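The following exercises are to be worked with the sequence and the coordinates at hand. Each task is followed by a solution in steps.

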Amino acid sequence: MRIAILSPFYPYRGGLAQLNARLYTELSKNNEVEAFTFTTLYPEFLFPGKTQYVSQDDSATVIDSKRVLNSINPFTYIGTARAINKFSPDVLIIPYWMSFLAPAFGSVCMFLDKGIKVVSLVHNAIPHERRIIDKSFAKFFFNRCDAFIVMSQPVYDDLLSLKNDANILLQPHPIYDQYAERTDKDTACGKLGVRSDKKNLLFFGLIRDYKGLDILIEAMDQLDDSYQLIIAGECYGSFDKYTELINKSILKDNIIVFEQYIPDDMVTTLFSVADVLILPYRSATQSGVVALAYQLETPMIATNVGALGSTVEQSGTGLVVSLPTPLGVANGIKEFFDKDKISLYIENLKKEKTRLSWANFTQSVESFLSVL
């Protein structure tokens, strides 16, 4: 097949760009694939982080993409469609994750040649942090798609609520296999300057309200000095409220913060330090961090929200707590270390790592695309 992908690619950074790079690479093995990306993704005044772009020392995968789309410039919508039409793909894949981009994506679709099938890889049909425009904007784009790929049941259900006749492939999130295998805990702790004689809890990824970092920090007050929390990720918004909670914590000296974008070569070190990954989310669909945990064989403690709890519970890769509360999370942490199940969790992580390989994901996607 001839396949076009319109989405963030290098020099944009983050999990979405990394996933797109792997998708491009895998699909290119059996198909002719062209990548199209943004000249402007988010206007700087709207972007909540420090920068949208990779740094010089980041080992991100470089994909040769055509930078054509400005999300807020309607004149580029026609130009983007023309560039895609010139490639003349059988299928255009557009990953979708937030309503801000729906007008641009939907408008590009309006100017595509009739024979091009549009497939959206939907990360979130309805965002975690909801706005009044979300559903109407999403429908504008979804109504111009021929089919959809989703990676969790909640996204599948949300999508059907917006487009009840949608043709959908449900295929679980593949692992992030571009990272090196985890290393020795003592060595990794030495690199980061953290103690290796503690029960190390890791909170990893973009810091946003729905991810419940405040819950985890408050849970530390229910634990003893044998526990250490490592927080690693860039905060979208102010980190001040978390700093205030840390300063109030009776274990504040046991809370280490790397409030920054985490470059690829630091990811393996952080997961090697961790005895367990904590996911104290208030809401969730699927999580790319879970895919990272599979790759780096790190057990998880997750709240029972969205597909998060069921994913961890059904795969036997960690422990699930019923409520996203400080006491519930703290009790889950204690139970995790009290019960001698860590070796079983790791064995199950290895099984999931094989099941959720990119080879399996790509085969399912190619089969789905071939019959559209």
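**Exercise 1. A pair between two strands**

Lysine 66 is partly exposed, since its relative accessible area is 39%. The model is a predicted one.

Task: Determine which residue forms a salt bridge with lysine 66, and which strands hold the two partners.

Solution.
Step 1. The partner is glutamate 34, and the closest N and O atoms of the pair are 3.0 Å apart. This separation satisfies the cut-off of 4 Å for a salt bridge.
Step 2. Lysine 66 belongs to strand 3 and glutamate 34 to strand 2, so the pair ties together parts that are 32 residues apart in sequence.
Step 3. The accessibility of lysine 66 is 39%. Because partly exposed covers the range between 20% and 50%, lysine 66 is assigned to that class.

**Exercise 2. A buried pair between two loops**

Task: State where arginine 13 and glutamate 234 lie, and decide whether glutamate 234 is buried or exposed.

Solution.
Step 1. Arginine 13 is placed in the loop between strand 1 and helix 1, and glutamate 234 in the loop between strand 9 and helix 8.
Step 2. The two side chains form a salt bridge, with 2.6 Å between the closest N and O atoms. Because of the positions of the two residues, the pair ties together parts that are 221 residues apart in sequence.
Step 3. Buried means under 20% relative accessible area. Glutamate 234, at 3%, is therefore buried, and arginine 13, at 17%, is buried as well.

**Exercise 3. A pair within one helix, and its network**

Task: Identify the helix that holds glutamate 26 and arginine 22, and name the residues linked with them in a network of salt bridges.

Solution.
Step 1. Both residues lie in helix 1, four residues apart, which is about one turn of the helix.
Step 2. Their side chains meet in a salt bridge of 3.1 Å, N to O. Glutamate 26 and arginine 22 are both buried.
Step 3. The network links Arg22 and Glu26 with Lys29 and Asp177.
Step 4. For the model, the count comes to 18 salt bridges.

**Exercise 4. Helix 2 and the residue after it**

Task: List the buried residues of helix 2, state what they pack against, and give the phi of serine 88.

Solution.
Step 1. Helix 2 spans residues 75-87, and its buried residues are Thr76, Tyr77, Thr80, Ala81, Ile84, Asn85 and Phe87.
Step 2. These buried residues pack against strand 1, strand 2, strand 3, strand 4 and helix 3.
Step 3. Serine 88 follows just after helix 2, in the loop between helix 2 and strand 4. Its phi is near 55°, a positive value in a residue other than glycine.
Step 4. Most residues other than glycine have a negative phi.
Step 5. Serine 88 counts as partly exposed because its relative accessibility is 43%.

**Exercise 5. Glutamate 297 and a cis peptide bond**

Task: Describe the surroundings of glutamate 297, and identify which residues the cis peptide bond joins.

Solution.
Step 1. Glutamate 297 is located in the loop between helix 10 and strand 12. Its phi, near 50°, is positive although the residue is not glycine.
Step 2. A relative accessibility of 16% is why glutamate 297 counts as buried.
Step 3. Apart from neighbours within four places in sequence, glutamate 297 contacts Glu181, Arg182, Ile346, Leu349, Lys350 and Lys353. The side chains of glutamate 297 and lysine 353 are joined by a polar contact of 3.1 Å.
Step 4. The cis peptide bond joins tyrosine 10 and proline 11, with omega about 15°. Proline 11 is in the loop between strand 1 and helix 1.
Step 5. Most peptide bonds are trans.

**Exercise 6. Nonpolar cores and a surface patch**

Task: Name the residues that touch the most other members of the largest nonpolar core, and the residues that make the nonpolar surface patch.

Solution.
Step 1. The largest nonpolar core has 62 residues, of which Phe204, Leu270 and Phe271 touch the most other members. Helix 10 gives the most to this core, with six residues.
Step 2. Leaving aside neighbours within four places in sequence, the contacts of leucine 270 include Leu192, Phe204, Ile230 and Phe258.
Step 3. A second, separate core of 40 residues includes Tyr12, Phe36, Leu69 and Ala138.
Step 4. At the surface, Ile78, Met110 and Phe111 make a nonpolar patch of about 270 Å². Methionine 110 lies in helix 3.

Key: Residues are numbered from 1 along each chain as its sequence is written. This is a predicted model: local features need pLDDT of at least 70, side-chain atom pairs count only at pLDDT 80 or more; totals for chains, interfaces and linings use all residues. Side-chain values use heavy atoms; hydrogens and water are left out. Patches are made of residues with over 30% relative accessible area and no salt bridge: like charges are joined within 9 Å, nonpolar side chains (Val, Leu, Ile, Met, Phe, Trp, Tyr) within 5 Å. Accessible areas come from the Shrake-Rupley method with a 1.4 Å probe; for residues, only the protein chains shown count as cover. A nonpolar core is a set of buried Ala, Val, Leu, Ile, Met, Phe, Trp, Tyr and Cys residues joined through side-chain atoms within 4.5 Å. Buried means under 20% relative accessible area, exposed over 50%, partly exposed in between (1.4 Å probe, protein chains only). Contact means heavy atoms within 4.5 Å. A polar contact is a pair of N or O atoms within 3.5 Å; within protein, one must be able to donate a hydrogen and the other to accept it, and residues adjacent in sequence count only if both atoms are side-chain atoms.
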